[in-house]
Amino acid sequence: MGRLNSLPCLEQEARIPPLLFGEREPSWVVKMLKVTLARCLQLCVSAVLVSRLEGSRVSAPAKVEAVVGKPFTLTCMLVKKGPGESLSQVRWVDPQNQTLISYVPVNVDSVSGQQHVEMVSSPGDSSHVSIKRVSYRDEGCYTCIFDVYPSGSKEGITCLTVTGVVTHGGNKTAVSGKLATLDCHFGLPEKVQQVLWRRRLAPSEWRDVASFARDAEPETKEEYQDRAMISDSLSHSELALRPVRVEDEGCYACEFHTYPDGTKSSTACLTVYVLPKPQVSYKSTSPGVIEANCTAVSRPASEIVWNVEGNNRTMGAPVTTAQPLDDGTTLVISTLVVQSGLLKDVSVKCLVHHKGLESAIAVSMNTKIGTALTILISVTTVAFLLVLSLCFCLWKCFLRKEVD
């Protein structure tokens, strides 16, 4: 217990002034002595109890969080192990009061437990148990038990909360008039009450598109009634738009409304393309000079280049202009001025490049192909006439033989 004269109560008692010889103690002094002695006795008893309680104990975090689908390690530690105490066994008990894992610290071969957990190297008087892949059933409170000889079992409790993160399939592109799909995933469908897809109109303004709630049918908002559809799943949700329109371009939030963790969400963006349908035309602007135009309407704007075969007899570089249209598309016009004789001799093509195309669209404007076609038609016509003449001669010969 230590030296008694070091206690504050005795020091306080020592400060009481001594009485002179023959004087009687006043009543207030007697009362003070009684109170002081009572306090000293109380402090002494408390010191003894604390010294007995301050033996070995288990230190473990009260609350921890783990992400579903990821590995997680539970930890605890035996602290203030007294002299003469030894650790004989470590046990973990799961929320269902079943043995999760148990082992003898000095014997590696003594580990036994459930298959989805494994013991991690644990230095000193600590214990580390890894859950290989966290799932919803792992949520709850775990008891870490150190069997200490000769003082007995020491316990610590850690409560594990399983959380999830929403992941999406990435930003998507789609062609106007076709099918567009967005998807997202959440690994804790047991906690999900509703899935909601929303479209962002402004930084702080959103519009509901479609939703699916537990024990209910998928619901599509009136604006998207005829062309939007949401899958009936609380874990993997998919939003489909058919036909997708230019005005559907934007960012969409996939929200999982969970209990008790609240709303978990992720955002993906949709880009809508309008593919070009290029056209080529040309006209004579002056004797011997032809102006060729290649036009393409698309979203985003197309890139137009000219491919002139053989010797380049163009009269300057092409001139390209771009004009935004009200429907969100862009009209691109590329003009090339060439000598009129060029179209008869070589191939002139307009090549249109666009992000939504794997390769450029080539449109030929000329006459090299036209000249070859004319020659082919002429040869075919002559051959037909020759065959017809031969047949006529054979027929005449046949008639003469019959007459003879």
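These legends describe close-up views of a predicted model.

**View 1. The largest pocket and its lining.**
The largest pocket has a volume of about 160 Å³. Its lining includes the run V67, V68, G69 and K70. R133, V165 and T167 also line this pocket. H185, F186 and G187 complete the lining. By residue class, the lining divides into 4 nonpolar, 4 polar and 2 charged residues. V67 also belongs to strand β2, where its side chain points to the face shared with K63 and E65.

**View 2. Strand β2 and its pairing with β10.**
Strand β2 covers residues 63–67, and its side chains alternate. V64 and A66 point to one face and are buried. K63, E65 and V67 point to the other face and are not buried. β2 pairs with strand β10 (residues 152–163) in the parallel sense, over 5 bridges. Within this pairing, E65 stands opposite T161 in β10.

**View 3. The salt bridge between D147 and R91.**
The structure holds 11 salt bridges. One of them joins D147 to R91, with the closest N and O atoms 2.9 Å apart. D147 lies in strand β9 (residues 140–149) and R91 in strand β4 (residues 86–93), so the bridge ties together parts that are 56 residues apart in sequence. D147 counts as buried, at 13% relative accessibility. R91 counts as partly exposed, at 26%. Side chains of opposite charge can pair when their charged atoms come close.

**View 4. The salt bridge between R207 and E223.**
R207 forms a salt bridge with E223. Here the closest N and O atoms are 2.9 Å apart. The pair links distant parts of the chain, 16 residues apart. R207 sits in strand β15 (residues 205–213). E223 sits in the loop between β16 (219–220) and β17 (228–230). R207 is partly exposed, with a relative accessible area of 33%. E223 is partly exposed too, with a relative accessible area of 46%.

**View 5. The salt bridge between R299 and E249, and a salt-bridge network.**
R299 forms a salt bridge with E249, and the closest N and O atoms are 2.6 Å apart. Both partners lie in loops, 50 residues apart. R299 is in the loop between β22 (289–298) and β23 (303–308). E249 is in the loop between β18 (236–241) and β19 (250–258). R299 counts as buried at 18% relative accessibility, because the cut-off for buried is under 20%. E249, at 26%, counts as partly exposed. Elsewhere in the list of bridges, E139, K191 and D261 are joined into one network by salt bridges that share partners.

**View 6. Two nonpolar cores.**
The largest nonpolar core has 50 residues. W92, F146, W197, Y252, F256 and L270 touch the most other members of this core. Another core, of 17 residues, lies apart from it. Among its members are A296, V338, V348 and V352. In soluble globular proteins, nonpolar side chains tend to be buried together.

**View 7. The open sheet of 6 strands.**
The strand order is β12-β20-β19-β14-β15-β16, and the pairing is mixed. β12 (172–175) and β16 stand at the edges. Each edge strand has a single partner strand, so one side of each is left without a neighbour in the sheet. β12 runs parallel to strand β20 (residues 262–273), and 4 bridges join the two. T173 has T271 in β20 as its bridge partner.

**View 8. L196 and E255.**
L196 is found in strand β14 (residues 192–202). L196 is buried, with a relative accessible area of 8%. The C-alpha atoms of L196 and E255 are separated by 5.1 Å. Along the chain, L196 and E255 are 59 residues apart.

**View 9. The hairpin of β21 and β22.**
Strand β21 (residues 279–286) and β22 run antiparallel and are joined by 7 bridges. S281 stands opposite N293 in β22. The two strands form a hairpin with 2 residues between them. In the turn, G288 has a positive phi of about 80°.

How values were computed: Residues are numbered from 1 along each chain as its sequence is written. This is a predicted model: local features need pLDDT of at least 70, side-chain atom pairs count only at pLDDT 80 or more; totals for chains, interfaces and linings use all residues. Side-chain values use heavy atoms; hydrogens and water are left out. On a 1 Å grid over the protein atoms alone, a cavity is a set of points where a 1.4 Å probe fits but cannot get out, and a pocket is an open set with protein on both sides within 12 Å along at least five of seven lines; lining residues have an atom within 4 Å of a point. Grid points are joined across faces, edges and corners, and a volume is the space filled by probe spheres set on the points. Ala, Val, Leu, Ile, Met, Phe, Trp, Tyr, Cys and Pro count as nonpolar, Asp, Glu, Lys and Arg as charged, and the others, Gly among them, as polar. A salt bridge is a side-chain nitrogen of Lys or Arg within 4 Å of a carboxyl oxygen of Asp or Glu. Buried means under 20% relative accessible area, exposed over 50%, partly exposed in between (1.4 Å probe, protein chains only). A nonpolar core is a set of buried Ala, Val, Leu, Ile, Met, Phe, Trp, Tyr and Cys residues joined through side-chain atoms within 4.5 Å. Two strands pair if DSSP finds at least two bridges between them.
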